[in-house]
Amino acid sequence: MTGINALFLLTGLLLFISVLASTISARLGLPLLLLFLGVGMLAGEDGPGGIVFEDFFIASLIGQAALSVILLDGGLRTRVSSFRVGLKPAAVLATWGVVGTAGLLGVFATWILDVDWRLGMLLAAIVGSTDAAAVFALLRNSGVRLNERVQATLEIESGANDPMAILLVTALVGMLLEPASATLGGFVWMLVSQLGLGALLGLAGGWVLSRLMVKLTLPEGLYALLILSGGTLVFAATNLLNGSGFLAVYLAGVVVGNRRSHATEHVLRVMDGLAWLAQAGMFVVLGLLVTPSHLFEHGFEALAMAVFLMLVARPLAVLIGLAPFRYKRNELAYVSWVGLRGAVPVVLAIVPVVMGVPDSQLLFNVAFAVVLLSLLVQGATVPVAARLLKVEVPPSDEPRDKREVWVSDEAAVDLLEYRVVAGSRAEGRHPDDVAEDFPGFDVRCVALVREGSLHRLTVDSRMVPGDSVWFVAPDEIADQIARIYGGTRGELSANASFFGEFVVDPGCLAGDLADAYGLSIAERERRLSVGDLLLARLGRAAVVGDRVSIDTFVLTVREMSARGVITAVGLKCPPRA
């Protein structure tokens, strides 16, 4: 019992320190995942903790379990609308991107490490895929808002590229251990089963779980456990059938997360905590597993591989793969740069060790060093690179808080909170007056909070700066209401410099806009609507932030519906001389 309690004490202490370390991650500008790794390494045999942990099988088990939770949570938060612009390019990067990156890096690794080409290719395959845990964590907690095309591409790619990486690693391990049994037909069938079964069982499992979440009446705390246990079942069953459990659990999360129900918000809140726990536990364990002093034995080679991966192999694979999709050069550069490596390469690097591949410890140490460099260099510069490459869009006007109140199993009302800003159009007005600005919509004020206390509404009540106002209103006009509370009367809004000073109806004729501002456009374009003109010139599906220049004026996609229809266009005029 003493040993068991000591293990519990050690586990709790490491996680506790990891969570406390998160408070300083932003100040240091370091990714939180890197701090978790650091805690594990400090507790390991080369650190002050002195803990000797060398069980690769247990580490692999913990890593795969944690990754299934992280991918499930990532799927729950992925909107189906993002597949409109990101599915095809992400699918290319999840297949060709992994192969192309691994091929280029494999040649370089074989040369610089002076090893058998199969061993060099195996090392490249291990670090050739982007990591879902790193991408989800850093993109969603970096404080930047990327344009939807870039964010969707990166997130879907990281959630779907594991089958190809696993195939390459499995194939190369087979070539090293049993070259006679390694056949092209076997590899092709493995890829088809990984992708096909992963997609099929993931979608089917997600449909079943989403139906159960709607139909079952459970205590609130059990809905998240239902989804977690169901996701684990999908993950394990798919793996047993030789499919990709990682792809399956991600797609199951997408299906569940996009079918809203009375339990969805509760599930998301609980899964958020579980995903953080999984990330912390996994990276601490991986930090314990590695011996830092061994990383420096091939430090120069690992550094050279990391530089080649970040500046040559990944960019070339992205450039070739995304060429048909008409991405801008700054978008290509950012997608190339945020090819983050994390837990997946380390977990894959454990496979050769467990299988007894010669020189597998070398592969593990070099792969781990590459992951550390990726998190340190690429992970720490996610927000800086977004600003330098101009792929971020300004924060949209939106409610301060949003809640769903379910009145039945299929119907809910949206409860929206807004904070009154000094100088806004809301200041000095009665909350019920806001409804007059939205004829045809049911907008009702249900609470006014002033100085932390509920303020009793009377006919003479007037809103003052600092008030929090809660409305029952349709979610489709939530952002429009936000402009009344957050904008400054008589001045340009904070994002006017990005989108432009004027808002143009995308349904108006481009010819009328051209006549009004003296713009030069082709005769065939004059008959198009402004929205269609934007799409024609972009030559691809539009996202918020896409721009088209006409003479010295700039048209920018300002708002879009959930179905991908442009609903507002910003017009930026040239500066006055």
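This text leads through a predicted model, beginning with its internal spaces and ending with its two sheets.

The structure holds 1 cavity of 30 Å³ or more, and the volume of this largest cavity is about 30 Å³. Its lining is made up of Leu-93, Gly-97, Val-98, Thr-101, Gly-128, Ser-129, Thr-130, Glu-157, Asn-161, Arg-314 and Arg-341. Helix H4, which spans residues 83–113, contributes the most to that lining, with 4 residues. In terms of character, the lining of the largest cavity divides into 2 nonpolar, 6 polar and 3 charged residues.

Helix H4 returns when one turns to helix H15 (residues 329–337), since H4 is among the elements against which the buried residues of H15 pack. Those buried residues are Glu-331, Leu-332, Tyr-334, Val-335, Ser-336 and Trp-337. Besides H4, they pack against helix H6 (132–141), helix H7 (148–160), helix H14 (299–321), helix H17 (360–378) and helix H18 (382–388). As a general point, an α-helix has 3.6 residues a turn, so residues three or four places apart point the same way.

The second largest pocket is another space to examine, and about 970 Å³ lies within it. Its lining comprises 37 residues, of which Gln-64, Ile-166, Thr-170, Val-351 and Met-355 lie nearest the centre of the pocket. The elements that each give two or more residues to this lining are helix H3 (56–76), helix H8 (162–177), helix H9 (184–215), helix H10 (220–240), helix H11 (245–257) and helix H16 (343–355). The lining of the second largest pocket divides into 22 nonpolar, 14 polar and 1 charged residues.

Further along the chain come the strands. An open sheet of 5 strands follows the order S1-S2-S5-S3-S4, and its pairing is antiparallel. The edges of this sheet are strand S1 (401–406) and S4, each of which pairs on one side only. Within the sheet, strand S2 (residues 412–419) pairs with S5 in the antiparallel sense over 5 bridges, and Leu-415 stands opposite Val-472 in S5. S5 (residues 468–472) also pairs with strand S3 (residues 444–450), again in the antiparallel sense and over 5 bridges, with Leu-448 standing opposite Val-469 in S5.

On the way to the S4 edge, 2 bridges join S3 to strand S4 (residues 453–454), and these two strands run antiparallel; here Val-449 stands opposite Leu-454 in S4. S3 and S4 form a hairpin with 2 residues between them, and Glu-451, which is in the turn, has a positive phi of about 55°. A helix accompanies this sheet as well: helix H19 (residues 478–486) lies across S2 and S5, running at about 20° to S2.

The other sheet to follow is an open one of 4 strands in the order S6-S9-S8-S7, with antiparallel pairing. Strand S6 (502–504) and strand S7 (547–550) stand at its edges, and because each has a single partner strand, one side of each is left without a neighbour in the sheet. Neighbouring strands of this sheet are turned by 30° against each other on average, direction ignored. Between the edges, strand S8 (residues 553–560) and strand S9 (residues 566–572) run antiparallel and are joined by 6 bridges, and the bridge partner of Met-560 in S9 is Ile-566.

Definitions and conventions: Residues numbered from 1 in each chain as written. Predicted model: local features only at pLDDT ≥ 70, side-chain atom pairs only at ≥ 80, totals over all residues. Heavy atoms only, no water. 1 Å grid on protein atoms, 1.4 Å probe; cavity = no way out; pocket = protein on both sides within 12 Å on 5 of 7 lines; lining within 4 Å. Points joined across faces, edges and corners; volume = space filled by probe spheres on them. Nonpolar A, V, L, I, M, F, W, Y, C, P; charged D, E, K, R; others polar. Buried < 20%, exposed > 50% of the residue type's maximum accessible area, 1.4 Å probe, protein only. Contact = heavy atoms within 4.5 Å. Pairing = 2+ DSSP bridges. Axes fitted to C-alpha atoms, helices over the stretch in contact; angles between N-to-C directions.
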